[in-house]
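Trainee: I have a new structure to read, and I would like to practise reasoning from it. Could we go through it together, one question at a time?

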Amino acid sequence: MNFILFASTLVLGFIIAIAVSKGKKTQAALQRDFWQKEEAANRTRRKSLDDLDYIKLPMEIFPMDLLPAVPKIEDYRQIILSLSESPIVNFTGISNTDLKLRYGAPNIELLTSYDQNYTLLVRTLQQWAQALYDAGYMAEACQLLEFSVSTGTDVSATYRLLCDIYQKQHTPEKISSLYPIAESLNSAMRNPIVRILQEADQSSC
């Protein structure tokens, strides 16, 4: 029995050693590939940005005159006004290396600022919509959320609040229109957001 136990331990140890060795080789290969790609990206010359999917803010749907005495809502309005004059692009899920390969290393700071503008936009829209919803302005909140979703936001709270509004407006069938957008997200939040929609659907039945 001791011999069998000893032999089993040796075999198990051998299998573990092989697995660890393969894991180290795989990790080393991934790192090598990454740095080769990064080196190529850093050598990529500046390219045109004309084909970027710039986001234009539809100022006519934003309730700019609503609740003017509320300081935080005034802050949201000022952010939106500032962003309306800035380039905004959604690069969620696209690495800086891929951006440099596609548009050139000299453009990376500019592209990063465009993406930061997008992050600020969708966060502001979510906060503004929540504030309006809490104040009883459900329709106005819905407009902000629907626009945010149309840009491909991966802010899960946006989808959750929009589902809640659809249910309270007695239009739960609209939740189904959010699935294609959620399922196409290039983000780690894609599956959690899809689950939010599924849960909202189930609660509506």
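**Reading the helices**

Mentor: Gladly! Let us start with one residue: Lys100 lies in helix H3 (residues 96-103). Keep in mind that this is a predicted model.

Trainee: Is Lys100 buried or exposed?

Mentor: Compare its relative accessible area with the cut-off: a residue under 20% counts as buried. Lys100 has a relative accessible area of 8%. Because that value falls under the cut-off, Lys100 is buried.

Trainee: Which residues does Lys100 touch, not counting residues up to four places away in sequence?

Mentor: One partner to look at is Asn42, which is 58 residues from Lys100 along the chain. Even so, the C-alpha atoms of Lys100 and Asn42 are separated by 6.8 Å. Leaving out residues up to four places away in sequence, the residues that Lys100 touches are Glu38, Ala41, Asn42, Thr44, Ala105 and Ile108.

Trainee: Within what arc do the buried residues of H3 fall?

Mentor: First list them: the buried residues of H3 are Thr97, Leu99, Lys100 and Tyr103. Seen down the axis of H3, these residues line one face of the helix, because they fall within an arc of 165°.

Trainee: Which residue follows H3, and what is its phi?

Mentor: Look just past the end of H3. The phi there is positive, near 100°, and the residue is Gly104.

Trainee: Now for H8. How far apart are its end C-alpha atoms?

Mentor: Helix H8 (residues 190-204) has 15 residues. At 1.5 Å a residue, the helix should span 21 Å. The model agrees with this, since the end C-alpha atoms of H8 are 21 Å apart.

Trainee: Which residues of H8 are buried, and within what arc do they fall?

Mentor: The buried ones are Ile193, Val194, Ile196, Leu197 and Ala200. Viewed down the axis of H8, they line one face of the helix, because their arc is within 150°.

Trainee: Which residues are exposed on the other side of H8?

Mentor: To count as exposed, a residue needs a relative accessible area over 50%. On the other side of H8, the exposed residues are Glu199, Gln202 and Ser203.

Trainee: What covers the buried residues of H8?

Mentor: Two other helices belong in the answer. The cover includes H6 and helix H7 (179-183).

**Pairs of side chains**

Trainee: How many salt bridges are found in the whole structure?

Mentor: Side chains of opposite charge can pair when their charged atoms come close. One salt bridge joins Arg77 and Glu74, and another joins Lys168 and Asp164. A search of the whole structure gives a count of two.

Trainee: How far apart are the closest N and O atoms of Arg77 and Glu74?

Mentor: Both residues lie in helix H2 (residues 71-83), three residues apart, which is about one turn of the helix. Arg77 is buried at 3% relative accessibility, whereas Glu74 is partly exposed at 28%. Their closest N and O atoms are 2.6 Å apart.

Trainee: And what is the N to O distance for Lys168 and Asp164?

Mentor: An α-helix has 3.6 residues a turn, so residues three or four places apart point the same way. Lys168 and Asp164 are four residues apart in helix H6 (residues 156-168), so about one helical turn separates them. Lys168 is partly exposed at 47%, and Asp164 is partly exposed at 23%. The N to O distance of their salt bridge is 3.6 Å.

Trainee: How many disulfides does the structure have?

Mentor: Cys142 is buried, with a relative accessible area of 5%. Cys163 is also buried, at 2%. A disulfide needs two cysteine sulfur atoms within 2.5 Å, and by this rule the count is zero.

**The whole chain**

Trainee: How many helices and strands are in the protein chain?

Mentor: From the N terminus on, the elements run α-α-α-α-α-α-α-α. That gives zero strands, and the number of helices is eight.

Trainee: Last one: what share of contacts joins residues at least 24 apart?

Mentor: Buried residues make up 35% of the 205 residues in the protein chain. For the share you ask about, take contacts between residues at least 6 apart in sequence. Of these, the share joining residues at least 24 apart is 71%.

How values were computed: Residues are numbered from 1 along each chain as its sequence is written. This is a predicted model: local features need pLDDT of at least 70, side-chain atom pairs count only at pLDDT 80 or more; totals for chains, interfaces and linings use all residues. Side-chain values use heavy atoms; hydrogens and water are left out. Buried means under 20% relative accessible area, exposed over 50%, partly exposed in between (1.4 Å probe, protein chains only). A salt bridge is a side-chain nitrogen of Lys or Arg within 4 Å of a carboxyl oxygen of Asp or Glu. Contact means heavy atoms within 4.5 Å. The expected span of a helix is 1.5 Å times one less than its number of residues. The arc is that of the directions from the helix axis to the C-beta atoms.
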